[in-house]
Amino acid sequence: MLVGLIFASSAALPGCLGCGSGCPTSVDAEERSKWEAQLAKRQLIPLDANDDISIKRDVHEIFVDVDAATFANAFHQIMMDPDRRFGLIRVDRLAANTGQPFQLGEKFQGRYSVEGAVAKELPDKWRRLFGDLVDDDEIQDILCKIENKQTSDFGVISKLDLSPPAGKPHILEYQYLEGSPIAGGSTFIVTEASADDLARLGVSTAAKVTKVFLYQEQSSSFAKFFTKGGLKLHNQVVLSQAKQSAALAGGKIIETDIPPEYENL
């Protein structure tokens, strides 16, 4: 299956190693530079209330047993870490920004790993057999270009307040850029849990993380995919981000309305 995907993709992308929008993880500096130049050109996709596809809003809450500032800082740290993965998503940034704090107006790519998705379904013996093949630099570049065109979101940080005045929320918001299959944006809002929530949860300290996802699919085929399973994958990523952030902060998720079963999809 993996070999078929690779060779079919190679046929669909003639001269692939020198085409397309480059790959941020390529060993070829020219390929990385090409990707950065393309990322810089990407513009916001506007929401369109007159489109046949509806604008939708998906909201979830997550409670973590650490204070809001500690969680927000941990969240920023895990998002900065280039070695972190959230489900099968990795975050690609400009080389100069990698490992550095995010900045307002910064553009990035969230890339769903085709290799990881396929390998996840393969028996161990096939993973061992084809492991060296998918590690090949040329194959990696081919897979990356497929991911750039088919399985990626591109975003820009549109709101960033991770050190707010006392009593104000910590906020990170990004909006989707050209090349993404959806318009809209995602917002993470971190506040101290209310007194009622603390009493209900039976803890003395907790952060409340509210994730607001405003979106409009850009094609009927993607709208169908997102309805049948894509939104689950999106929430799986959110759950992974929260879980990793909580762990780095020395805590854990104590309540969420995201089904825990999504974590293992």
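**A guided reading of a predicted model**

At a relative accessibility of 31%, T70 counts as partly exposed, because this class lies between buried (under 20% relative accessible area) and exposed (over 50%), as judged with a 1.4 Å probe on protein chains only. T70 has its place in helix α3. Its C-alpha atom is separated by 8.7 Å from that of A207, although the two residues are 137 residues apart along the chain. The following paragraphs move from the whole chain to its sheet, its helices and its core.

The structure is a predicted model, in which local features need pLDDT of at least 70, side-chain atom pairs count only at pLDDT 80 or more, and totals for chains, interfaces and linings use all residues. Residues are numbered from 1 along each chain as its sequence is written, and side-chain values use heavy atoms, with hydrogens and water left out. The predictor's confidence in each residue is given as pLDDT, on a scale from 0 to 100. The protein chain has a mean pLDDT of 83, and 75% of its residues reach 70 or more. Over residues 1–20, however, pLDDT stays under 50. For that stretch the model has 33 contacts beyond four places in sequence, a contact being heavy atoms within 4.5 Å.

The protein chain contains 8 helices and 8 strands. These elements are DSSP runs numbered from the N terminus: helices are H or I runs of at least four residues, and strands are E runs of at least two. Of the 265 residues in the chain, 44% are buried. The accessible surface comes to about 13500 Å², and carbon and sulfur atoms hold 53% of it; such areas come from the Shrake-Rupley method with a 1.4 Å probe, and for residues only the protein chains shown count as cover. Among the contacts with a separation of 6 or more, 66% join residues 24 or more positions apart.

The strands form an open sheet of 8 strands, in the order β2-β3-β4-β5-β6-β7-β1-β8, with antiparallel pairing. Two strands pair if DSSP finds at least two bridges between them. Strands β2 (89–92) and β8 (253–256) stand at the edges, each with a single partner strand, so one side of each has no neighbour in the sheet. On average, neighbouring strands of this sheet are turned by 25° against each other, direction ignored. Such angles rest on axes, which are lines fitted to C-alpha atoms (for helices, over the stretch in contact), and they run from 0 to 180 degrees between N-to-C directions.

At one edge, 4 bridges join β2 to the antiparallel strand β3 (residues 107–112), and I89 stands opposite Y112 in β3. Helix α2 (residues 29–41) packs on the sheet and touches β2, β3 and β4; its direction makes about 115° with that of β3. Helix α8 also packs on the sheet, touching β1 (56–64), β2, β3, β5, β6, β7 (207–217) and β8, and its direction makes about 155° with that of β7. In the loop between β2 and β3 lies L94, which is partly exposed at 26% relative accessible area. Beyond its neighbours within four places in sequence, L94 is in contact with W35, E36 and L39.

Strand β5 (residues 170–176) is mostly covered, with 6 of its 7 residues buried. It runs antiparallel to β4 (residues 152–161), to which 6 bridges join it; G155 has Y176 in β5 as its bridge partner. Another 6 bridges join β5 to the antiparallel strand β6 (residues 182–192), where F188 is the bridge partner of L172. The hairpin of β5 and β6 has 5 residues between the strands, and G179 takes a positive phi near 100° there.

The largest nonpolar core has 36 residues, of which I62, F71, M79 and Y174 touch the most other members. Such a core is a set of buried Ala, Val, Leu, Ile, Met, Phe, Trp, Tyr and Cys residues joined through side-chain atoms within 4.5 Å. At least two of its residues come from each of β1, α3 (68–80), β2, β5, β6, β7 and α8. Not counting residues up to four places away in sequence, I62 touches several residues, including V209, V238, A242 and I253.

The last residue to consider is N235, in helix α8 (residues 220–248). N235 is buried, with a relative accessible area of 4%. Leaving aside neighbours within four places in sequence, N235 is in contact with D58, H60, I258 and Y262.
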